[in-house]
Amino acid sequence: MVVPALGNASDPKAHDGGSHKERTSDASASNEPFVGPASEAKKLYRRYKRAYDKTIVAVACVKDPKCIDPEDEVLRYSKDALRILEKLDTLAAEGDVQANYYRGLIAFERMKYYDQQAEIVTHPDFILTNTVFRRYAKQQYLLAVKYFSVPAKINNPSACEYLGNLYLISIVSSPQKEKAGLYFYKAANAYIEQGNQIAAARMYNAMKDNIDLADPRIIQMYAKLHNKEPIATWRKLPSDLVQGAPKKSEQH
């Protein structure tokens with residue numbers, strides 16, 4: 001699945017089975033989505049993840065009869081996470097690009113969690129629980145598309161990569177490979193502009209996996225990745241690399 005690396009303890013691995021077997025790229029080795037020091041949005045994202053992780057641990061503790069922690073910890077940590085999420089929502093609504101990105105990332109991670117739970121809970125006796133998980137996954141999917149679309153409009157490569165991945169997932173509808181290919185192409189170009197050839201190559205492979213191999217965008221991206229810049233004419237080459245022109249006597 002196409003996701004830049006911002007992994008954490010509460011972020012379950014994407015499920016490989018069922019309707020999610022469409023081939024995508026792996027963005028786990030991607031660089032940070034924004035350059036410079038951590039913004040307020042990123043700090044809020046980190047705080048949210050810490051509170052969310054503590055909520056998960058507290059819930060697991062409540063289920064364990066040997067747990068000695070107070071049950072109200074679940075409520076306390078979940079309230080903390082909700083307050084932080086509301087602050088991030090406010091920034092996103094005000095047009096903060098990074099806030100939209102990190103809000104989309106939270107929705108993406110929650111979508112994966114709910115979808116994974118729906119894949120696990122398949123017994124007929126728990127069909128209602130399965131339905132609820134799938135409904136939550138769809139809601140988070142739509143939120144992820146909404147929020148990632150904001151930084152994608154300014155060609156943020158990480159956001160474009162996420163959108164490409166989202167359009168290959170069949171949570172809401174059938175995979176939309178053409179849309180996915182468009183965002184992988186945009187991501188590839190943006191990564192090249194950043195000098196990140198590895199990430200651009202990953203997007204190139206994602207394009208090959210999901211759209212027509214004869215598509216001009218694939219050919220163009222191949223050329224960008226493999227054609228080297230010519231040596232500048234003003235730069236003097238080392239003498240041992242310069243071959244003198246053959247003399248007339250050597251040409252006959």
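## A buried tyrosine in helix H3

In this predicted model, Tyr114 counts as buried, because its relative accessibility is 16% and the limit for burial is under 20%. Tyr114 lies in helix H3 and has an aromatic partner in helix H4, Tyr136, 22 residues apart from it along the chain. The two rings are 5.2 Å apart centre to centre, with 55 degrees between their planes, and the pair is classed as tilted. Tyr136 has a relative accessible area of 34% and is therefore partly exposed.

## Aromatic pairs and one cluster

The whole structure contains 14 aromatic pairs. One of them joins Phe34 and Tyr101, with ring centres 5.3 Å apart; the planes stand at 90 degrees, so the pair is edge-to-face. This pair also links distant parts of the chain: Phe34 belongs to the segment before helix H1 (40-63), whereas Tyr101 sits in helix H3, 67 residues apart. Both Phe34 and Tyr101 are buried.

Phe34 and Tyr101 also belong to one aromatic cluster, together with Tyr45, Tyr102, Phe108, Phe148 and Tyr162. Several members of this cluster recur in the helix contacts described below. Tyr101 and Phe108 are among the H3 residues that meet H5, Phe148 is among the H4 residues that do so, and Tyr162 is one of the H5 residues in contact with H3 and with H4.

## Packing of H3 against H5

Helix H3 (residues 97-120) packs against helix H5 (residues 157-166) at an angle of about 30 degrees, and the axes are 11 Å apart. Angles under 35 degrees count as roughly parallel, and H3 and H5 are therefore described in this way. Their crossing is left-handed.

From H3, the contact involves Tyr101, Leu105, Phe108 and Met111; from H5, it involves Ser158, Ala159, Tyr162, Asn165 and Leu166. Seven of these residues are nonpolar and two are polar, with no charged residues.

## Packing of H4 against H5

Helix H4 (residues 127-152) meets H5 at an angle of about 145 degrees, with an axis separation of 8 Å. This crossing, too, is left-handed.

On the H4 side, the contact residues are Tyr141, Ala144, Val145, Phe148, Ser149, Pro151 and Ala152, and on the H5 side they are Ala159, Cys160, Tyr162, Leu163 and Leu166. By class, eleven are nonpolar, one is polar and none is charged. Ala159, Tyr162 and Leu166 of H5 are in contact with H4 and are also listed among the H5 residues that meet H3.

Terms used
Residues are numbered from 1 along each chain as its sequence is written. This is a predicted model: local features need pLDDT of at least 70, side-chain atom pairs count only at pLDDT 80 or more; totals for chains, interfaces and linings use all residues. Side-chain values use heavy atoms; hydrogens and water are left out. Axes are lines fitted to C-alpha atoms, for helices over the stretch in contact, and angles run from 0 to 180 degrees between N-to-C directions. Helices (H or I, at least four residues) and strands (E, at least two) are DSSP runs, numbered from the N terminus. Angles under 35 degrees count as roughly parallel, over 145 as roughly antiparallel, 65 to 115 as roughly perpendicular and the rest as oblique. A crossing is left-handed if the near helix is turned anticlockwise from the far one by less than a right angle, and right-handed if clockwise. Contact means heavy atoms within 4.5 Å. Ala, Val, Leu, Ile, Met, Phe, Trp, Tyr, Cys and Pro count as nonpolar, Asp, Glu, Lys and Arg as charged, and the others, Gly among them, as polar. Rings of Phe, Tyr and Trp (its six-membered ring) pair if their centres lie within 6.5 Å; planes under 30 degrees apart count as stacked, over 60 as edge-to-face and the rest as tilted. Buried means under 20% relative accessible area, exposed over 50%, partly exposed in between (1.4 Å probe, protein chains only).
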